[in-house]
Amino acid sequence: MRIALKLAQKAVETNDVPVGAVLVCGGRVVARARNEKEKRGDACAHAEMLALRRAQKKLGVWRLSDCALYVTKEPCAMCAGALVNCRVGRLVYGARDARFGCSGSLCDISGDGRLNHRVETTAGILEADCAALLTNFFQSKR
């Protein structure tokens, strides 16, 4: 999670919401990313989406069932859906997101038993650090 936090801090440099993601497989980091929506002009360039794509390319597979994604903020609907579709084994996130979070807060796409895959989820890891980064970013915009 500390690696993800460092990536999130870098997102601020391009005026992106500070979210970082790290995908770990077999105890080693295989992909890392930060939000790049503003940098790329792409609404789908969330940290989670970029990390998943990079991992799939590096590993040569689309199923990431033996992998864990560490992300500083609870995934949105798009990212939670991607975790299910990529068959990610485990999600670990820091800050909860009551407005947009879809891995336990607003809804629980990643754990929905009606879907063909559920992602084991652990929330609240380094939550205060992750939340402070987001709070400071949005306060600076007001």
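# A walk through the chain, starting at Leu 126

Select Leu 126 to begin: with 26% relative accessibility, Leu 126 counts as partly exposed. You'll find Leu 126 in the loop between β5 (120–123) and α5 (127–141). Its backbone is worth a look too, since Leu 126 has a positive phi of about 50 degrees although it is not a glycine. Why point that out? Because most residues other than glycine have a negative phi. Keep in mind as you click around that this is a predicted model.

**Zoom out**

Now show the whole protein chain as a cartoon. How many helices and strands are there? The protein chain has five helices and five strands. Trace the cartoon along the sequence and you'll pass through α-β-β-α-α-β-α-β-β-α.

Turn the model around to get a feel for its extent. The C-alpha atoms of the protein chain fill a box of roughly 40 × 30 × 25 Å along the principal axes. The radius of gyration is 14 Å, which agrees with the value near 14 Å that a compact globule of 142 residues would have.

Switch on a surface next. About 7300 Å² of the protein chain is accessible, and 50% of that belongs to carbon and sulfur atoms. Under the surface, buried residues make up 46% of the 142 residues. Among contacts in the protein chain with a separation of 6 or more, 56% are between residues 24 or more positions apart. If you colour by charge, look for 23 positive and 14 negative charges, whose mean positions are 5 Å apart.

**Select the cysteines**

How many disulfides does the structure hold? Just one disulfide. Pick Cys 25 and Cys 67 to see the disulfide, with its sulfurs 1.8 Å apart. The pair ties together distant parts of the chain: Cys 25 belongs to strand β1 (residues 20–25) and Cys 67 to strand β3 (residues 67–73), 42 residues apart. Is this disulfide right-handed or left-handed? The torsion about the S-S bond of Cys 25 and Cys 67 is about 100 degrees, so the disulfide is right-handed.

Both ends are tucked away. Cys 25 counts as buried at 10% relative accessibility, and Cys 67 counts as buried at 7%.

Next, try Cys 79. Why is Cys 79 not bonded to the closest cysteine sulfur? That sulfur, in Cys 76, is 3.8 Å away, too far for a bond. Cys 79 is buried, at 0% relative accessibility. Cys 107 is in no disulfide either, and the nearest cysteine sulfur, that of Cys 102, is 3.1 Å away. Is Cys 107 buried or partly exposed? At 32% relative accessibility, Cys 107 counts as partly exposed.

**Step over to Asp 66**

Asp 66 sits in the loop between α3 (47–59) and β3. Colour by accessibility and Asp 66 shows up as exposed, with a relative accessible area of 70%. Which residues does Asp 66 touch, leaving aside its neighbours within four places in sequence? Asp 66 is in contact with Val 24, Cys 25 and Gly 26, and Cys 25 is one you've met in the disulfide. For a distance to check in your viewer, pick Asp 66 and Arg 53: they are 13 residues apart along the chain, and their C-alpha atoms are separated by 15 Å.

**Look at helix α4**

Select residues 77–85, which form helix α4. The buried residues here are Cys 79, Ala 80, Gly 81, Ala 82, Leu 83 and Val 84. Show what surrounds them: the buried residues of α4 pack against α3, β3 and β4 (90–95). Just after α4 comes Arg 87, with a positive phi of about 60 degrees.

Want another positive phi? Jump to Asn 15, where phi is about 65 degrees although the residue is not a glycine. Asn 15 is in the loop between α1 (2–11) and β1. With a relative accessible area of 40%, Asn 15 is partly exposed.

**Last stop: Val 92**

Finish in strand β4 by selecting Val 92. Is Val 92 buried or exposed? Val 92 is buried, with a relative accessible area of 2%. Show its surroundings and, not counting residues up to four places away in sequence, Val 92 touches Met 1, Leu 69, Tyr 70, Val 71, Thr 122 and Ile 125. Then pick Val 119 as well: Val 92 and Val 119 are 27 residues apart in sequence and 9.9 Å apart in space, C-alpha to C-alpha.

Conventions
Residues are numbered from 1 along each chain as its sequence is written. This is a predicted model: local features need pLDDT of at least 70, side-chain atom pairs count only at pLDDT 80 or more; totals for chains, interfaces and linings use all residues. Side-chain values use heavy atoms; hydrogens and water are left out. Helices (H or I, at least four residues) and strands (E, at least two) are DSSP runs, numbered from the N terminus. The radius of gyration is taken over C-alpha atoms; the globule rule is 2.2 Å times the number of residues to the power 0.38. Buried means under 20% relative accessible area, exposed over 50%, partly exposed in between (1.4 Å probe, protein chains only). Contact means heavy atoms within 4.5 Å. Accessible areas come from the Shrake-Rupley method with a 1.4 Å probe; for residues, only the protein chains shown count as cover. Lys and Arg count as positive and Asp and Glu as negative; His and the chain ends are not counted. The place of a charge is taken as NZ of Lys, CZ of Arg, CG of Asp or CD of Glu. A disulfide is a pair of cysteine sulfur atoms within 2.5 Å.
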